[in-house]
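Student: I have a sequence and a model in front of me and would like to work through them. Can we take the inside first and the outline later?

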Amino acid sequence: MIVNGKKGIDKQRLAQLQELSSILQIPFGNYELLHQALIHTSFANESKEAGVQHNERLEFLGDAVLDLVVGEVLFKQFPQLPEGELTKARARIVCEPTLASSATKLCLGSYLLLGKGETASGGRRRISILADAFEAIIGAIYLDSGYANAYRFIVEHLQGELNLVKSGEYANDHKTLLQEVIQRQGEQKISYEVVNEEGPDHDKTFMVAVCVNSKLLGSGQGKSKKEAEQNAAKQALEKFNGSN
């Protein structure tokens, strides 16, 4: 089938891309871009067809557009924040778990083209793959219809994170991020437990463990239980991302 002057997208795949375009609420003139944004390296490496391009270049571009848009929004909406706080806020908004969460809400995993091994190992739910695909989609939107559409798409789908900036909860909310990550794996029970306390009452240090379905995922310490829980969640996220 010929699409936009190029052969490579059959009728079934084109129908899928049109369906996704509707979900994204972004009209595409060149479906080849959207198609490429959803091709993982594992699929490209296993493909018998010559010239199959994976989404890493589009991911690179999308990452740059994402940083620019979020930076612009934060700069305009929060004139009171100094540079250091703006940097923290942007990092919270564009972090991998957040992007993967947005990708999951858009059902991007269902449209990804993955290699057989990656598919069998749960690649459609893998945080790193979903986050990369979300950035690649941004790159495709930018190339296909420009900065304004990319801006609208980013702001719409990351509005929840921008709201955290308004409420001042953006800096170290690792517990919320961990909750989002774990919930994507199905019905899971997260629990935090103080496993040790040291020091006098006026200067205690708490050690907290975080478990999912009774399995230890991380631990952290702090001068308050809340701080220790955040540090435990941070360690759990680092381990989780490292395994994905």
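Student: Which residues touch the most other members of the largest nonpolar core?

Tutor: This is a predicted model. Its largest nonpolar core holds 66 residues. Those that touch the most other members are Leu24, Leu34, Leu74, Leu108, Ile137, Phe153 and Ile154.

Student: Which helix gives the most to this core?

Tutor: The core draws at least three residues from each of domain 1 and domain 2. As for single helices, the one that gives the most supplies 11 residues. That is helix 8, residues 127-145.

Student: What does Phe153 touch, leaving out residues up to four places away in sequence?

Tutor: Phe153 is among the core residues that touch the most other members. With sequence neighbours up to four places away left out, its contacts include Leu24, which is also among those core residues. The full list is Leu24, Ile26, Leu106, Phe134, Ile137, Ile138 and Ile141.

Student: Which helices do the buried residues of helix 9 pack against?

Tutor: Helix 9 covers residues 147-157, and its buried residues are Asn149, Ala150, Phe153, Ile154 and Val155. In an α-helix, residues three or four places apart point the same way, because there are 3.6 residues a turn. The buried residues of helix 9 pack against helix 1 (11-24), helix 4 (56-77), helix 8 and helix 10 (159-167).

Student: Why do strand 3 and strand 5 each have one side without a neighbour in the sheet?

Tutor: The sheet is open, has 3 strands in the order 3-4-5, and pairs them antiparallel. Strand 3 (190-198) and strand 5 (215-222) stand at its edges, so one side of each is left without a neighbour in the sheet. The reason is that each has a single partner strand.

Student: By what angle are neighbouring strands of this sheet turned against each other on average?

Tutor: Direction is ignored for this value. The average turn between neighbouring strands is 20°.

Student: How many bridges join strand 3 to strand 4?

Tutor: Strand 4 covers residues 205-212 and runs antiparallel to strand 3. Glu197 has Phe206 as its bridge partner in strand 4, and Asn196 has Met207. The two strands form a hairpin with 6 residues between them, and Gly199 in the turn has a positive phi of about 95°. The number of bridges joining them is 8.

Student: Which helix lies across strand 3, strand 4 and strand 5?

Tutor: The helix in question runs at about 140° to strand 3. It covers residues 174-183 and is helix 11.

Student: Is Cys211 buried or exposed, and how many disulfides are there?

Tutor: A residue is buried when its relative accessible area is under 20%. Cys211 has 15% and therefore counts as buried, and Cys95, with 17%, is buried as well. A disulfide is a covalent bond between the sulfur atoms of two cysteines. A search of the whole structure gives a number of disulfides equal to 0.

Student: How many residues of domain 1 are in contact with domain 2?

Tutor: The assignment gives domain 1 as 11-167 and domain 2 as 174-242. Taken over C-alpha atoms, their centres are 29 Å apart. On the domain 2 side 9 residues take part in the contact, and on the domain 1 side the number is 11.

Student: What does the C-alpha trace of the protein span along its principal axes?

Tutor: The protein has 12 helices and 5 strands. Of its 244 residues, 45% count as buried. Its C-alpha trace spans about 75 × 45 × 25 Å.

How values were computed:
Residues are numbered from 1 along each chain as its sequence is written. This is a predicted model: local features need pLDDT of at least 70, side-chain atom pairs count only at pLDDT 80 or more; totals for chains, interfaces and linings use all residues. Side-chain values use heavy atoms; hydrogens and water are left out. A nonpolar core is a set of buried Ala, Val, Leu, Ile, Met, Phe, Trp, Tyr and Cys residues joined through side-chain atoms within 4.5 Å. Buried means under 20% relative accessible area, exposed over 50%, partly exposed in between (1.4 Å probe, protein chains only). Helices (H or I, at least four residues) and strands (E, at least two) are DSSP runs, numbered from the N terminus. Domain bounds come from an automatic or database domain assignment. Contact means heavy atoms within 4.5 Å. Two strands pair if DSSP finds at least two bridges between them. Axes are lines fitted to C-alpha atoms, for helices over the stretch in contact, and angles run from 0 to 180 degrees between N-to-C directions. A disulfide is a pair of cysteine sulfur atoms within 2.5 Å.
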